[in-house]
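Grab a coffee and open the viewer. Try each task yourself before you read the solution under it.

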Amino acid sequence: MRVDIAWWDLDGSTATVDSLRDHLRDGTAEQWGAVEGLRLKFWMADREHNRWGAVMLWEAGRPDAMPPNRAAEIIGYPPTHRYGFDVEAVVEGACESAALHGLGPVFAA
């Protein structure tokens, strides 16, 4: 397994955490559900430090065909930081929610 992390510092952009959250509501988040080999993708925000990012967990590696990087289009530049790592171990804890799909404030509105 592999994990990719993309992180933007938004200080150089007119995009905000709120505008990026709105863009996820337009169907952008849902299209990632059809990406081959993607085990999990979650988006994250740090309002205090004006940052936005995403983490993608892959079964093997990134496929050639993926949805367009709408965040980079809206922000106006590629991720400020991009990291990739091999996953050494994965554990799922005992949780009340059976699935993660559809959780988060983007889907609550």
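Below are six short exercises, each with a worked solution.

Before you start, this is a predicted model, where local features need pLDDT of at least 70, side-chain atom pairs count only at pLDDT 80 or more, and totals for chains, interfaces and linings use all residues. Residues are numbered from 1 along each chain as its sequence is written, and side-chain values use heavy atoms, with hydrogens and water left out.

**Exercise 1: the sheet**

Work out the strand order of the open sheet and find its edge strands.

Step 1. Get the terms straight: helices (H or I, at least four residues) and strands (E, at least two) are DSSP runs, numbered from the N terminus. Two strands pair if DSSP finds at least two bridges between them.

Step 2. Follow the pairings across the sheet. Its 4 strands come in the order β2-β3-β1-β4, and the pairing is antiparallel.

Step 3. Look for strands that pair on one side only: these are β2 (38–46) and β4 (81–86).

Step 4. Check the twist. On average, neighbouring strands of this sheet are turned by 10 degrees against each other, direction ignored. Axes here are lines fitted to C-alpha atoms, for helices over the stretch in contact, and angles run from 0 to 180 degrees between N-to-C directions.

Step 5. Pick out one bridge in each of two pairs. β1 (residues 2–9) and β4 are joined antiparallel over 6 bridges, and Asp-4 has Gly-84 in β4 as its bridge partner. β2 and β3 share 8 bridges, also antiparallel, with Met-44 facing its bridge partner Gly-53 in β3.

**Exercise 2: the hairpin turn**

What is the phi of Asn-50, and where does this residue sit?

Step 1. Find the place: Asn-50 belongs to the loop between β2 and β3. These two strands form a hairpin with 4 residues between them.

Step 2. Read the angle. Phi of Asn-50 is near 55 degrees, a positive value in a residue other than glycine.

Step 3. Recall the background: most residues other than glycine have a negative phi.

Step 4. Add the exposure. Asn-50 counts as partly exposed because its relative accessible area is 26% (buried means under 20%, exposed over 50%, partly exposed in between, with a 1.4 Å probe and protein chains only).

**Exercise 3: the cores**

Which elements each supply at least two residues of the largest nonpolar core?

Step 1. Define the core: a set of buried Ala, Val, Leu, Ile, Met, Phe, Trp, Tyr and Cys residues joined through side-chain atoms within 4.5 Å.

Step 2. Find its best-connected members. The largest core has 13 residues, and those with the most contacts inside it are Trp-8, Leu-10, Leu-20, Leu-24, Trp-52, Ala-71 and Ile-75.

Step 3. Sort by element: β1, α1 and α2 (70–75) each supply at least two. The largest share, 4 residues, comes from α1.

Step 4. Don't miss the second, separate core of 5 residues, which includes Trp-32, Val-35, Leu-38 and Met-56.

**Exercise 4: helix α1 and two of its residues**

Decide whether His-23 and Thr-28 are buried or exposed, then list what they touch.

Step 1. Place the helix: α1 (residues 17–31) lies across β2 and β3 (51–58), at about 35 degrees to β3. Both His-23 and Thr-28 are found in this helix.

Step 2. Check accessibility. His-23 counts as buried because its relative accessibility is 6%, and Thr-28 is buried too, with a relative accessible area of 6%.

Step 3. List contacts (heavy atoms within 4.5 Å), leaving aside neighbours within four places in sequence. His-23 is in contact with Thr-28, Arg-70, Ala-71 and Ile-74, while Thr-28 is in contact with His-23 and Arg-70.

**Exercise 5: His-81**

Which residues does His-81 touch?

Step 1. Locate His-81 in strand β4.

Step 2. Skip residues up to four places away in sequence; the contacts are then Ile-5, Ala-6, Trp-7 and Asp-9.

Step 3. Compare sequence with space: His-81 and Trp-7 are 74 residues apart in sequence and 5.1 Å apart from C-alpha to C-alpha.

Step 4. Note that His-81 is partly exposed, with a relative accessible area of 30%.

**Exercise 6: rings**

How is the aromatic pair of Tyr-83 and Phe-85 arranged?

Step 1. Apply the cut-offs: rings of Phe, Tyr and Trp (its six-membered ring) pair if their centres lie within 6.5 Å; planes under 30 degrees apart count as stacked, over 60 as edge-to-face and the rest as tilted.

Step 2. Plug in the values. The centres are 6.3 Å apart with 25 degrees between the planes, so Tyr-83 and Phe-85 are stacked.

Terms used: Contact = heavy atoms within 4.5 Å.
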